[in-house]
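Dear colleague,

I am handing over the structure we spoke about, and I would be glad if you opened it beside this message while you read. My notes on it come after the structure itself.

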Amino acid sequence: MAGLSERVRALVRSDVASLEPYDPNFTPCKINLSANENTYGMPEAVRSAIDAAIVRTQTNRYPDPMSNDLRDKIAAWHGVRRENVCVGNGGDELLFNFFLAFGGPEKTLLDCPPTFTVYDIYSRMLGTRLVRCPRDPQTFELDLPAMLEAAPTADMVIVTSPNNPTGNVIARADVARLCEACPGIVMIDEAYTEFSDEGVSCEELLGTYDNLVILHTFSKAYCLAGVRVGYVLAAPDVIDVLGAVRQPYTADVFAQAAAEVVADHRHEFDATIQQIRQERERLAAGLAAIDGVQVWPSQGNFLLVRMPEAGVVRARLRDERSILVRDFSAAPGLEGCLRITVGTPTENDELIDAIATIVKEVA
Ligand code: PMP
């Protein structure tokens, strides 16, 4: 940790002292395309229903510790039982709990960078051994043969599908092979699955593999990033252990109420999800048409793009245009890369115009 005082450095565990905290690099701006949120916002009718549900909450009472009403709605949605669902304070907390339960000293995580860096941070925080199977440096596709070779000695495998920040997905048949090869737990992080093509989610494998865990969040497609609700689908004994390590009242009354409303109204998000998928392709084509800009195909609500002087472009977008995107140009394997969340049509037009101008000037 840069800047850690000598006093505290002497007191904390050595693996904590070497941690760099997750930094979303947020600064206020006019157009925020940096955090892969749903930029179209909550449908008005759903927001009104959430407001009405929040009015009915009792704040003097503790929330239902296991969020059972919400678990039942999620279970009905996914065709599983309450025992297959664990709710958490965002996907991030569930990931942390996953490491608390299945990681730690003597345990090994198989990680496939470049990917969501929180896995790396949590594994180090809890002293978990890391085995890396890097993605292809050009296409960012998984190295499945290497993963299948490493899987038999892994206690945990995490694959993000669609992958943040590269947009790749894993084929369902490959998830099945990993579940068979790994004696430990295989987590597929499907935080962005709603934006992917039909048939990409590996949810239907849950009935076949009791070591498969699927992570979902209400933060992305369902517009609740500010509220913090995520959930895990898994076999009941896996859910039991996640239940045992979690803090009891982690989803508060407002969060439970809001997520229950969203679960009931989930089909009201279909139109914007479809629009985001279409805008993703339009944005990709617009950016790819700029000289010097490379765009990878993506199944998420974001695009990974490479360009000359990416760090300078990112700073100028922020300072001159008040547009915020995420800079990955210093991350291993992502040199020259920015990650851009798909915005509304006007936001995307403004972004394409700004990048075209700035790239030409810095080239
Ligand atoms: N998984 C992935 C791949 C993500 O990108 C994110 C959010 N950045 C999360 C999980 C966690 O999201 P949240 O905590 O908002 O549910």
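The notes below deal with one sheet, the helices that pack on it, and a residue in one of its loops.

Please keep in mind that this is a predicted model. The sheet is an open one of 4 strands, which follow the order β9-β10-β13-β12 and pair in antiparallel fashion. Because β9 (294-295) and β12 (326-327) stand at the edges and each has a single partner strand, one side of each is left without a neighbour in the sheet.

Helix α11, which covers residues 270-288, packs on this sheet and touches β9, β10 (302-306) and β13, and its direction makes about 10° with that of β10. A further helix, α12 (residues 310-321), lies across β12 and β13, and it runs at about 35° to β13. As for how β12 is held in the sheet, 2 bridges join it to β13 (residues 337-341), and these two strands run antiparallel. If you look for Asp327, you will find that its bridge partner in β13 is Leu338.

The loop between β9 and β10 contains Pro297. Is Pro297 buried or exposed? Residues count as exposed when their relative accessible area is over 50%, and Pro297 has 68%, so Pro297 is exposed. Leaving aside residues up to four places away in sequence, Pro297 touches Thr166 and Gly167. Pro297 and Glu281 are 16 residues apart in sequence, while the distance between them in space is 8.5 Å, taken from C-alpha to C-alpha.

With best wishes

Technical notes:
Residues numbered from 1 in each chain as written. Predicted model: local features only at pLDDT ≥ 70, side-chain atom pairs only at ≥ 80, totals over all residues. Heavy atoms only, no water. Pairing = 2+ DSSP bridges. Contact = heavy atoms within 4.5 Å. Axes fitted to C-alpha atoms, helices over the stretch in contact; angles between N-to-C directions. Buried < 20%, exposed > 50% of the residue type's maximum accessible area, 1.4 Å probe, protein only.
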